[in-house]
Amino acid sequence: MASVHSDFLISSFSVEFCTSPSRFPLKARFFARFLFLHLSSPFTPTVVHAFSDLSSCANAHGAHTEHRALHRERPPQEKILVEYAIPKPRKGNLWPRGEKAEPLARSVSENGVDRWMKKDGKISEARVSGKQMKIKLDSCSKTGDVMEAIAVYDSAVGQGIKLQQYHYNVLLYLCSSAAVGIVHPAKSGSVNSKSDPDWHIDGDLVADADQGSRRASVPILVSDDIRDYARTRGLEIYEKMCLEKIAMSEAALTSVARIAMSMDDGDMAFDCVKRMKLLGITARVRSYGPALFTFCNRGDIDKAFEVEAHMSENGIQPEEPELEALLRISIAARRGDKVYYLLHKLRTNVRQVSASTAELIEAWFKSSTASRLGKRKWDVKKLAEAIENGGGGWHGLGWLGKGKWSVAHTSVDPDGVCMSCGHKLATIDLDPVETESFAKSVASLANKRERNSNFQKFQKWLDYYGPFEAVVDAANVALYSQKRFSVNKVSAVVNAIRQKLPMKRCPLIIVHNKRLIGNKMKDPMNMKYLEKWKNADALYETPTGSNDDWYWLYAAIKFKCLIVTNDEMRDHTFQVLGNNFIPRWKERHQVHFTFHNGSLEFHMPPPCSIIIQENERGHWHIPISIKEEHERKHSWLCVTRNNLHNVKEATSSTLRDLTSSPAPYAVAKNHVPHKGIFKENTLTKSHKCLANGKTKEPYGILCTIEAAEKLYDCVIDFQI
């Protein structure tokens, strides 16, 4: 009897034949290994017999040592998995004599369902294979194959497999995507926010839903038949989910809301969002989209703003697609109050509008409805206080003035002055309270993530050596357009930005300590730079295991100074802070840089805030978002009242004087009052006189105050 050491012993041996191309082929070395063990130890007859069966099975299918041949000949869903257990050795590392090794179990998979063989050879009950279901549904999600996903669902239901919440989420996502007409294949195979479809997207998409292979993330336009089928089956799957009392999720209810949107049932879509609140589920912007877009498409402005109000009540702010849809329906309904409200929503939530939204805004200001709206008189003191309390750039008191609007596409000069109307745009920064809150948020998160009180040591260091006029993100500068850390680039940026600072003090340089080790750092010139910065108390090395982003961000916020970096602050490090402070803060404090042909160029913060602005004269300046991030020059809409606004001022002043007169009627010379009724020729001539500002002409104002208001509206309508 031969014996072997425990190093050569195995506790189990598995050989698998499978049609999946991801399996490894059955190669000769497996047989050699098995044969070696057979010759080295007294294998029991059961294992030897099983080996013979296995060899016979391979030869019968012509597999030999080539897996691909077996793959071509076997049925597509057939799988044989055999597991054998070999007893562990007893004392002395010897195999027990006469020990019988029987197979623990054998799993035969048919149509994705595992059926386990007991030791007596009988097949036990079907066992749910949730992992296989997940893999198949993920594959369908990646390719956007809704029909295959439904087929997998039908097969699972027929075999009695109990689906879990995840399975329902994927199925409802695919069905709802197909129901609205466009399937966006998921990048990861799971339903998440990155794979959410763009409900507002217009389709110039050409694809066939029945294609077997598709590129990931390419939207698929489905036919009407598939849309109807997916809608019906999606509702059926949702009903089954309810009957089985599967816990609802935000993803599942959002998918049902999208199915309702495909049926033009806004009330059902809105009910899905309301149900989330009852179930304690946190809704998202995408949850409200189906209801809001459905009501907007139907022209139901009251219902659409009811959805928007529900969003605000739950602390969810609509984004530009939702605001654009609301703006479109408000303009169509000639609701100036809603348009004004939405312009300020765009100012706070979006800041810069897209080209399509800019076209809508321009169409509104060119309409006769917009010309007629506005206040003839306002409190200048109250207006100034509103602008100051709002931080500058807006007042929120409603439309000011009356008259035809003039819309111009323009830009802003280096001093922040509009090149169309000459108005100096406002510079809006975080107020002291917001700045302190922002700094505390960064410090709190950094202290939680940094170990060994590293960040607290940095805070004390800043208190001792600060303040600074600028901070330099050394890693971002040194690795600009290259992979190696360049101290020379850091030195060039430090020297250049120093000349732009009022006190000309060396900026704070933040760098991770791992960047300053290695043979390259021993270069005499590099050592000279580092020694110079250390002597100036301007270099801080972040410790091992730390994230230097927290350090330079906190220092720049604390000292309200500039930060030199091209980092757009969009990764997870900054996302945890939310989107409220970061865009507003970095606009006023971030300095971008470029190296071109050996020369350094800075892109300083803009001379004015790139945000929708409303001034004290009632004029608007609306920035249009740039297409490329490297573009620095924005296009603006300059919206002002034209010359008719001045006529209105004179007219409103005259009307105020007439109102204070004791006479019941205002009578022009050589004319008799008509109690608010004009003759045809008098009305026509009055238009001309009023438009030209000739209030002393014989055909001037001849009316009651109420009739004068109507006269002025007629002038606006005629666009004189």
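Student: Among contacts between residues at least 6 apart in sequence, what share joins residues at least 24 apart?

Tutor: Happy to start there, with the reminder that this is a predicted model. Taking the contacts in the protein between residues at least 6 apart in sequence, the portion that joins residues at least 24 apart is 70%.

Student: How many helices and strands does the protein have, and what percentage of its residues count as buried?

Tutor: The protein has 27 helices, together with 17 strands. Its residues number 720, and the percentage of them that count as buried is 46%.

Student: How many salt bridges does a search of the whole structure find?

Tutor: Here a pair counts when a side-chain nitrogen of Lys or Arg is within 4 Å of a carboxyl oxygen of Asp or Glu. Searching the whole structure with that cut-off gives a total of 18.

Student: Let's look at one of them. How far apart in sequence are the parts that Asp154 and Arg233 tie together?

Tutor: Asp154 forms a salt bridge with Arg233, and their closest N and O atoms are 2.6 Å apart. Asp154 belongs to helix α5 (residues 146-158) and Arg233 to helix α7 (residues 224-243), so the parts tied together are separated in sequence by 79 residues.

Student: Is Arg233 buried or exposed, and which residue is linked with Asp154 and Arg233 in a network of salt bridges?

Tutor: Arg233 has a relative accessible area of 9%, so it falls in the buried class. Its partner Asp154 is partly exposed, at 34%. A network of salt bridges links these two residues with a third, Glu236.

Student: Which helices hold Arg286 and Glu250?

Tutor: The side chains of Arg286 and Glu250 meet in a salt bridge, at 2.5 Å from N to O. This pair links distant parts of the chain, 36 residues apart: Arg286 is in helix α10 (residues 285-298), and Glu250 is in helix α8 (residues 250-262).

Student: Are Arg286 and Glu250 buried or exposed?

Tutor: The cut-off to keep in mind is that buried means under 20% relative accessible area. Arg286 has a value of 11%, and Glu250 has 9%. Both partners of the salt bridge are therefore buried.

Student: About how many helical turns separate Arg328 and Glu324?

Tutor: These two side chains also meet in a salt bridge, with an N to O distance of 3.4 Å. Arg328 is partly exposed at 46% relative accessible area, whereas Glu324 is buried at 16%. Both lie in helix α12 (residues 320-332), 4 residues apart, so their separation is about one helical turn.

Student: How are α11 and α12 oriented, parallel or antiparallel?

Tutor: Helix α11 (residues 301-313) packs with α12 at an angle of about 150°, and their axes are 10 Å apart. Angles over 145 degrees count as roughly antiparallel. The orientation of α11 to α12 is therefore roughly antiparallel.

Student: Which residues of α12 meet α11, and is the crossing left-handed or right-handed?

Tutor: From α11, the residues involved are Ile301, Ala304, Phe305 and Glu308, and they meet Leu326, Ile329 and Ser330 in α12. The crossing of α11 and α12 is left-handed.

Student: Which backbone nitrogen does the side chain of Glu450 reach?

Tutor: Glu450 sits in the loop between α17 (432-449) and α18 (454-465). Glu450 is buried, its relative accessible area being 8%. Leaving aside residues up to four places away in sequence, Glu450 touches Phe455, Ser546, Asn547, Trp550 and Tyr551. At 3.1 Å, its side chain reaches the backbone nitrogen of Asn547.

Student: What is the distance in space between Ser486 and Asn526?

Tutor: Ser486 is placed in the loop between α19 (474-478) and α20 (487-500). Ser486 is buried, with a relative accessible area of 11%. Asn526 is 40 residues from Ser486 in sequence, and C-alpha to C-alpha the distance is 9.0 Å.

Student: What separation do the C-alpha atoms of Gln352 and Trp636 have?

Tutor: Gln352 is in the loop between α13 (336-349) and α14 (355-365), and Gln352 is partly exposed at 24% relative accessible area. Not counting residues up to four places away in sequence, Gln352 touches several residues, including Ile610, Pro623 and His634. Along the chain, Gln352 and Trp636 are 284 residues apart, yet the separation of their C-alpha atoms is 9.5 Å.

Key
Residues numbered from 1 in each chain as written. Predicted model: local features only at pLDDT ≥ 70, side-chain atom pairs only at ≥ 80, totals over all residues. Heavy atoms only, no water. Helix = DSSP H or I, 4+ residues; strand = E, 2+ residues; numbered from the N terminus. Buried < 20%, exposed > 50% of the residue type's maximum accessible area, 1.4 Å probe, protein only. Polar contact = N/O pair within 3.5 Å; in protein donor to acceptor, adjacent residues only side chain to side chain. Contact = heavy atoms within 4.5 Å. Axes fitted to C-alpha atoms, helices over the stretch in contact; angles between N-to-C directions. Parallel < 35°, antiparallel > 145°, perpendicular 65-115°, else oblique. Left-handed = near helix turned anticlockwise from the far one by under 90°.
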